[in-house]
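Here are a few exercises to work through with the structure open beside you. Try each task before you read its solution.

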Amino acid sequence: MEVLKIDSLPEDTNAAVPLKNVFQQAAVSGKLKMGTVTIPPGKRVPLKGVSNHRENEYSIIIKGSIMTETNGQTLRVSSGEATFIPAGQDHIAYNDSNEDCEIIWVLVG
């Protein structure tokens with residue numbers, strides 16, 4: 001998993017408004033799926049086992065924070081950060097805080 005702090009990313013100096021590239025990769029054939037999720041305090045995604053899919057997963061944490069586990073590594077991801085999880089990588093997320101965690105996610109592949 002890769003985690004980036006959005007505030008620390010450089011802005012595109014050629015843009016008319018502040019524009020930041022969060023992640024950039026070569027285009028892939030397949031599908032794109034985008035959505036939102038709110039993970040309440042004490043909840044885990046998925047409910048049991050691990051998530052693992054054929055698509056690359058990109059997420060931006062809009063509010064709150066979650067703990068993530070992938071490849072034996074545990075990380076806290078908080079608002080203002082973005083994550084990249086490569087296709088085929090087992091992962092889970094759980095909200096161990098006292099507030100909802102709001103996420104925008106995109107699956108590509």
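**Exercise 1.** Is Asp96 buried, partly exposed or exposed?

*Solution.* Before you start, note that this is a predicted model: local features need pLDDT of at least 70, side-chain atom pairs count only at pLDDT 80 or more, while totals for chains, interfaces and linings use all residues. Residues are numbered from 1 along each chain as its sequence is written, and side-chain values use heavy atoms, with hydrogens and water left out.

Step 1: get the cut-offs straight. Buried means under 20% relative accessible area, exposed means over 50%, and partly exposed is in between (1.4 Å probe, protein chains only).

Step 2: place the residue. Asp96 has a relative accessible area of 43%, so it is partly exposed.

Step 3: look at its partner. Asp96 and Arg76 meet through their side chains in a salt bridge, 2.9 Å from N to O. (A salt bridge here is a side-chain nitrogen of Lys or Arg within 4 Å of a carboxyl oxygen of Asp or Glu.) The two are 20 residues apart: Arg76 is in strand β6 (residues 73-78), and Asp96 is in the loop between β8 (91-94) and β9 (101-108). Arg76 is partly exposed too, at 39%.

**Exercise 2.** Find the salt bridge that Lys5 forms, and say where its partner sits.

*Solution.* Step 1: a search of the whole structure turns up two salt bridges. Lys5 pairs with Glu81, with the closest N and O atoms 2.7 Å apart.

Step 2: this pair links distant parts of the chain, with Lys5 in strand β1 (residues 2-5) and Glu81 in strand β7 (residues 81-85), 76 residues apart.

Step 3: check the burial. Glu81 has a relative accessible area of 9%, so it counts as buried.

**Exercise 3.** Work out the strand order of the open five-stranded sheet, then pick out its edges.

*Solution.* Step 1: strands are DSSP runs (E, at least two residues; helices are H or I, at least four), numbered from the N terminus. Two strands pair if DSSP finds at least two bridges between them.

Step 2: the order reads β1-β7-β4-β9-β2, with antiparallel pairing.

Step 3: β1 and β2 (32-39) are the edges, because each has a single partner strand, leaving one side without a neighbour in the sheet.

Step 4: zoom in on one edge. β2 is joined to β9 by eight bridges, running antiparallel, and Gly35 stands opposite Trp105 in β9.

**Exercise 4.** Describe how β5 and β6 connect.

*Solution.* Step 1: β5 (residues 65-70) and β6 pair antiparallel over six bridges. One of the partnerships is Thr70 with Gln73, the latter in β6.

Step 2: the two strands form a hairpin with two residues between them, and Asn71 in the turn has a positive phi of about 50°.

**Exercise 5.** Summarise the whole chain: which elements does it have, and how compact is it?

*Solution.* Step 1: count the elements. There are zero helices and nine strands.

Step 2: compare sizes. The radius of gyration (over C-alpha atoms) is 14 Å, close to the 13 Å that the globule rule (2.2 Å times the number of residues to the power 0.38) gives for 109 residues, so the chain is as compact as a globular protein of that length.

Step 3: add the dimensions and burial. The C-alpha trace spans about 45 × 35 × 25 Å along its principal axes, and 31% of the 109 residues count as buried.
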